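Reader: I should like to learn how to read a structural model with care. Would you take me through one, giving the general idea before each case?

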Amino acid sequence: SAASDVYKRQINNNPEAMDFLIRYNLAEDTGYRRRSGWVEYPMVKLNLPELYRISPAYFEESGQQSIM
């Protein structure tokens, strides 16, 4: 999907992104990896309640306000 492609690019172009997500409790590394071409991407479980707390406007704009 387009959203996962954007996330893959962000991780690929910014290797510190994964550390940031985990350090600030925004995601949990599941231990699974997915390969796309020559690159292996970590699969994460997003902390949606925390992401909502940080930016409720984003969820309201995207129609995802029913996560809680």
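Author: We begin with confidence. The pLDDT is the predictor's confidence in each residue, on a scale from 0 to 100. The chain averages a pLDDT of 77, and 72% of the residues score at least 70. This is a predicted model, in which local features need pLDDT of at least 70 and side-chain atom pairs count only at pLDDT 80 or more, while totals for chains, interfaces and linings use all residues. Residues are numbered from 1 along each chain as its sequence is written, and side-chain values use heavy atoms, with hydrogens and water left out.

Reader: In which elements is the confidence lowest and highest?

Author: Elements come from DSSP: helices are runs of H or I of at least four residues, strands are runs of E of at least two, and both are numbered from the N terminus. Confidence is lowest in helix 1 (residues 2-13), with a mean of 55, and highest in helix 3, at 90. In total there are four helices and two strands in the chain, and their order from the N terminus is α-α-β-β-α-α.

Reader: How should I read burial, and what share of the residues is buried?

Author: Burial rests on relative accessible area: buried means under 20%, exposed over 50%, and partly exposed in between, with a 1.4 Å probe and protein chains only. Of the 68 residues in the chain, 16% are buried. Strand 1 is hardly covered, with one buried residue among its 10.

Reader: Which residues of helix 2 are buried, and why do they line one face?

Author: The general idea is one of periodicity. An α-helix has 3.6 residues a turn, so residues three or four places apart point the same way. In helix 2 (residues 16-23), the buried residues are Ala17, Met18 and Leu21. Viewed down the helix axis, these buried residues fall within an arc of 100°, so they line one face of helix 2; the arc is that of the directions from the helix axis to the C-beta atoms. The face turned away from that buried side carries the exposed residues Glu16 and Arg23. Leucine 21 has 14% relative accessibility and therefore counts as buried. Between leucine 21 and valine 44 the C-alpha distance is 9.3 Å, although 23 residues separate them in sequence.

Reader: What is the sign of phi in asparagine 25, and where does this residue lie?

Author: Most residues other than glycine have a negative phi. Asparagine 25 has a positive phi, near 55°, and is not a glycine. Its place is in the loop between helix 2 and strand 1. Asparagine 25 counts as partly exposed because its relative accessibility is 48%.

Reader: Which side chain has a polar atom 2.9 Å from the backbone oxygen of asparagine 25?

Author: A polar contact is a pair of N or O atoms within 3.5 Å; within protein, one must be able to donate a hydrogen and the other to accept it, and residues adjacent in sequence count only if both atoms are side-chain atoms. Here the partner is the side chain of asparagine 47, a residue in the loop between strand 2 and helix 3 (48-54). Contact in the wider sense means heavy atoms within 4.5 Å. Not counting residues up to four places away in sequence, asparagine 47 touches Asn25, Leu26 and Ala27. With neighbours within four places in sequence left aside, glutamate 50 is in contact with Asn25 and Leu26. Glutamate 50 lies in helix 3, and a polar contact of 2.7 Å joins its side chain to that of arginine 53.

Reader: In which sense do strand 1 and strand 2 pair, parallel or antiparallel?

Author: Two strands pair if DSSP finds at least two bridges between them. Strand 1 (residues 27-36) and strand 2 (residues 39-46) are antiparallel, with seven bridges. Alanine 27 stands opposite leucine 46, and aspartate 29 stands opposite valine 44. The two strands form a hairpin with two residues between them, and glycine 37 in the turn has a positive phi of about 65°.

Reader: Is glutamate 28 buried or exposed, and which residues does it contact?

Author: Glutamate 28, in strand 1, counts as exposed because its relative accessibility is 51%. Leaving aside neighbours within four places in sequence, glutamate 28 is in contact with Met43, Val44 and Lys45. Glutamate 28 and methionine 43 are 8.7 Å apart, C-alpha to C-alpha, and 15 residues apart in sequence.
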